[in-house]
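Have the structure open in a viewer, with the sequence panel showing. The stops below are given in the order to select them.

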Amino acid sequence: SPASTHRMGYRTWDRAERAVCVASVSGGPIRGLGQCHRFGVGVRVNPLTLALRQIWYENRAFWRNPVAAFFTFVFPLIFLVIFNLLFGNDELDLVGGTTHMSTFYVPAIAALSVISACYTNVAISIAMSRDRGLLKRIRGTPIPVWSFLLGRIGHAISVAVLLVIIVTVVGALFYNVDVRVGTLPAFLVTLAVGAATFCALGLAI
């Protein structure tokens with residue numbers, strides 16, 4: 001049987017009502033919207049959850065740009081190959097034993113990777129967002145500013161950690177780099193402090 005006249009367009013009206021209910025102010029959705037609570041709207045979300053979702057969004061947007069992702073991860077490896085071709089990978093006699101020249105190249109390129117991901121990329125992305133007016137629009141959304149910035153920082157740190165792992169693994173497999181497991185905790189602390197420092201510098205720019 002044909003649908004009743006008063007039922008026509010019901011789902012469209014339901015979606016429109018849901019859209020009207022998603023009224024928000026800076027810092028969170030408006031409470032006390034009555035009927036809107038049946039849609040789950042008006043419930044305040046944990047800012048930390050918003051920050052984690054922002055990190056997920058930044059990572060997804062980054063990998064959807066294959067050109068930028070390719071050059072971000074290939075450039076450090078290109079430098080590693082060039083240094084080994086130009087300066088060689090000879091053995092060095094040290095007080096504690098022998099090692100290879102690449103053992104000094106890998107930490108330098110890993111530090112360059114952290115600087116590039118946490119300082120250069122954060123500074124450029126924040127400046128471009130400001131020029132496009134994105135930062136001003138973020139202030140009018142329910143997401144807190146610190147959650148947005150934490151998303152950018154979390155994405156930068158994840159890229160930096162991945163770059164350090166890739167450079168270290170390539171150096172150990174192809175250039176006989178000595179990776180000392182005993183100093184790994186100190187290395188991780190240094191990496192965390194360095195990444196946080198360069199992210200702060202990138203935001204300060």
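Begin by selecting L50, which sits in helix α2. The model is a predicted one. Is L50 buried or exposed? Its relative accessibility is 18%, under the 20% limit, so L50 counts as buried. Now show what surrounds L50: beyond the residues up to four places away in sequence, L50 touches V45, P142, I143, P144 and S147. Add G151 to the selection. L50 and G151 are 101 residues apart along the chain, yet their C-alpha atoms are separated by 8.5 Å.

**The whole chain**

Zoom out and colour by secondary structure. The chain holds seven helices and four strands. Read from the N terminus, the elements come in the order α-β-β-α-α-β-β-α-α-α-α. Of the 205 residues in the chain, 30% are buried. Contacts such as those of L50 can be put in context: among contacts in the chain with a separation of 6 or more, 69% are between residues 24 or more positions apart.

**Helix α3**

Select residues 66-87, which form helix α3. A distance between the C-alpha atoms at the two ends gives 32 Å, and this agrees with the span expected for 22 residues at 1.5 Å a residue. Look along the helix to V74, where α3 bends by about 30°. A proline, P76, follows within four residues of that point.

Which residues of α3 are buried? They are A69, T72, F73, P76, L80 and N84. Several of these are three or four places apart, as with A69, T72, F73 and P76. An α-helix has 3.6 residues a turn, so residues three or four places apart point the same way. To see what covers the buried residues of α3, show α2 (47-63), α4 (102-131) and α6 (145-174), which are included in the cover. Before leaving, step just past the end of α3 to G88, which takes a positive phi of about 80°.

**α3 against α4**

Keep α3 shown and select α4. The two axes come within 10 Å and cross at roughly 150°. That angle is over 145 degrees, so α3 and α4 are roughly antiparallel to each other. Their crossing is right-handed. Show side chains for the contact: on α3 these are P76, F79, L80, F83, N84 and F87, and on α4 they are S102, Y105, V106, I109, L112 and S113.

Take one residue from each side. F79 lies in helix α3 and has a relative accessible area of 36%, so F79 is partly exposed. Apart from neighbours within four places in sequence, F79 is in contact with I109 and L112. A C-alpha to C-alpha distance from F79 to Y105 gives 9.0 Å, with their positions 26 residues apart in sequence.

From the other side, pick S102, which is found in helix α4. What is the relative accessibility of S102? The value is 0%, so S102 counts as buried. Outside its neighbours within four places in sequence, S102 is in contact with N84, N89, Y175 and V177.

**α4 against α6**

Hide α3, keep α4 and select α6. Helix α6 has 30 residues and reaches 44 Å from its first C-alpha to its last, close to the 44 Å expected at 1.5 Å a residue. α4 and α6 pack with their axes 9 Å apart, at an angle of about 155°. α4 and α6 are therefore roughly antiparallel to each other, and their crossing is right-handed. The α4 side of this contact is made by V106, I109, A110, S113, V114, A117, C118, V122, S125, I126 and S129. On the α6 side, select L149, R152, A156, I157, V159, A160, L163, V164, V167, T168 and G171. V106, I109 and S113 of α4 are in this list and also in the α4 part of the contact with α3.

**Past the end of α6**

Finish at N176, which follows α6 and is placed in the loop between α6 and α7 (184-204). What is the sign of phi at N176? Phi is positive, near 55°, in a residue other than glycine. Most residues other than glycine have a negative phi. With a relative accessibility of 44%, N176 counts as partly exposed.

Key
Residues numbered from 1 in each chain as written. Predicted model: local features only at pLDDT ≥ 70, side-chain atom pairs only at ≥ 80, totals over all residues. Heavy atoms only, no water. Expected span 1.5 Å × (residues − 1). Bend = angle between axes of the 7 residues up to and from the residue. Buried < 20%, exposed > 50% of the residue type's maximum accessible area, 1.4 Å probe, protein only. Contact = heavy atoms within 4.5 Å. Axes fitted to C-alpha atoms, helices over the stretch in contact; angles between N-to-C directions. Parallel < 35°, antiparallel > 145°, perpendicular 65-115°, else oblique. Left-handed = near helix turned anticlockwise from the far one by under 90°.
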